[in-house]
Amino acid sequence: MGKENKAGADVSVSGQSQRALVGGLTEGAPGGSKAAAGKLEAKMEAASCSAAAANGAVGSQRDRSLVPERLQRREQERQLEVERRKQKRQNQEVEEEKSDFFAAAFARLQGLQKLVNDAVLFLAAYDLRQGQEALTRLQATLAERRQELQPKKRFAFKTRRKDAVSATTVDAAPGPAAAEGILAFPPPLKEEGGGIGSGFVFGFSNVESQVLEKRAEELHQRDVLLTELSKCTVRLYGNPNTLRLAKARGCTLLCGPVSTSVFLEDCSDCVLAVACQQLRVHTTRDTRIFLQVTSRAIVEDCSGIQFAPYTWSYPGIDKDFEGSGLDRSKNNWNDIDDFNWLARDTASPNWSILPEEERTVQWD
């Protein structure tokens, strides 16, 4: 504003100087020159007016130019905000895709683990161990990748409402939850006394001359694997899902009701008390089995197997039977199929009924 006033003042002074100059010329000029001087004065006044008008136009144009600049700045800010929101939405979609991927991957690993669990009755100990180790490696690799791509958020206090919503979400979708919990199943853990195990399969291995026990809360609906035991007494209280005993020598095994199958392989000189839905005995000799079974037991490549009714008892066994789903009123302990003896009219020489006078056993 000061510059514009100064410019106007300069134009005014310049106009006065021009008029004084013209006046001086007019006073000293002859008649014809006076007319020319008048014309000159008129032109100079017109020039002064034009200069003043030009200065005013520049000021108004500058004022008008400020409006588009503000609008342009506001438009740029709006575009930046739109881009920021778009990027945030894209990042959120990417995180959701990652979560879905890891959830699906952990679900597949759980499926593989279930296949291994289902085959526990038929796989050799070496094959079972190899399969479990392969699953453990896959699980560890997947956990590492998830940690790289989805690092844990820093701890922050949350309101109760948010915590409640989070808990509801986990309960509603156990999938990774599992993906977020982790881990869907833990890596194999070493048990005391030569034990082996994971979240699904556990038990004892390579133990000699010891008393081994598992309580009900430890083995509830889990798959129990006992391998390479010698002169051991094993008590399994509770309700496991499956039970496998392999390569046992001179052992006594007492087990609560098993929901599905019990499988014996390559055992000798053992005493067992088991209750189950199905029993399979393979390559086993000189073994007594006190049995409660709802289907027909099967023996194959065996010799010297003796059967008697299940008589082991402990506090809480009634509750375990209820949880197992077994029908206690149905017991086919003496209805045995020998796959190596097909003659129906002659008893198999590979198994027999234990005489009643030999059935009295002091289990504890």
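Modeller: Before we start, a term we'll need: a nonpolar core is a set of buried Ala, Val, Leu, Ile, Met, Phe, Trp, Tyr and Cys residues joined through side-chain atoms within 4.5 Å. Keep in mind, too, that this is a predicted model.

Biologist: Thanks! So which residues touch the most other members of the largest nonpolar core?

Modeller: Those are L226, L243, L279, L291 and F307, in a core of 38 residues. There is also a second, separate core of 15 residues, and F290, A308, Y310 and Y314 are among its members.

Biologist: Let's pick L279. Where is L279 found?

Modeller: L279 sits in strand β10, which runs over residues 278-282. L279 has 0% relative accessibility, so it counts as buried.

Biologist: And what is L279 in contact with, leaving aside neighbours within four places in sequence?

Modeller: Its partners are V262, L264, I289, L291, V293, R296, A297, I298 and F307. L291 and F307 also appeared among the core residues that touch the most other members.

Biologist: What about D337, is it buried or exposed?

Modeller: D337 is buried, with a relative accessible area of 17%; the cut-off for buried is under 20%. You'll find D337 in strand β14, residues 336-338. Beyond its neighbours in sequence, D337 contacts R296, A297, I298, V299 and R344.

Biologist: Switching to helices. Which residues of α7 are buried?

Modeller: In α7, residues 317-324, the buried ones are I317, D320, F321 and S324. They lie on the same side of α7, because they cover an arc of only 100° around the axis.

Biologist: Why would residues spaced like that point the same way?

Modeller: An α-helix has 3.6 residues a turn, so residues three or four places apart point the same way.

Biologist: Nice. What do the buried residues of α7 pack against?

Modeller: They pack against three strands: β7 (252-257), β9 (271-276) and β11 (285-293). On the other side of α7, K319 and E322 are exposed. After the helix comes G325, with a positive phi near 85°.

Biologist: New topic: how many disulfides does a search of the whole structure find?

Modeller: Zero. Take C267: the closest cysteine sulfur is in C270, and at 5.2 Å it is too far for a bond. C276 is in no disulfide either, with the nearest cysteine sulfur, that of C255, 8.9 Å away.

Biologist: Are those two cysteines, C267 and C276, buried or exposed?

Modeller: Both count as buried: C267 is at 2% relative accessibility, and C276 is at 0%.

Biologist: How many aromatic pairs does the structure hold?

Modeller: Six. In one of them, the ring centres of Y237 and W312 are 5.4 Å apart and the planes are at 45°, so the pair is tilted. Y237 lies in the loop between β5 and β6 and W312 in the loop between β13 and α7, so the pair ties together parts that are 75 residues apart in sequence. Y237 and W312 are both buried, and they form one aromatic cluster with Y314.

Biologist: What about F290 and W363, how far apart are their ring centres?

Modeller: Their centres are 5.0 Å apart with planes at 90°, so that pair is edge-to-face. F290 is in strand β11 and W363 in the segment after β15, 73 residues apart.

Biologist: Last one: what pLDDT does the protein average?

Modeller: The average is 74, and 63% of the residues score at least 70. Over residues 11-15 the pLDDT is below 50, and over residues 155-200 it stays under 50.

Conventions:
Residues numbered from 1 in each chain as written. Predicted model: local features only at pLDDT ≥ 70, side-chain atom pairs only at ≥ 80, totals over all residues. Heavy atoms only, no water. Buried < 20%, exposed > 50% of the residue type's maximum accessible area, 1.4 Å probe, protein only. Helix = DSSP H or I, 4+ residues; strand = E, 2+ residues; numbered from the N terminus. Arc of directions from axis to C-beta. Contact = heavy atoms within 4.5 Å. pLDDT = per-residue confidence, 0-100. Disulfide = S-S within 2.5 Å. Phe/Tyr/Trp six-rings, centres within 6.5 Å; stacked < 30°, edge-to-face > 60°.
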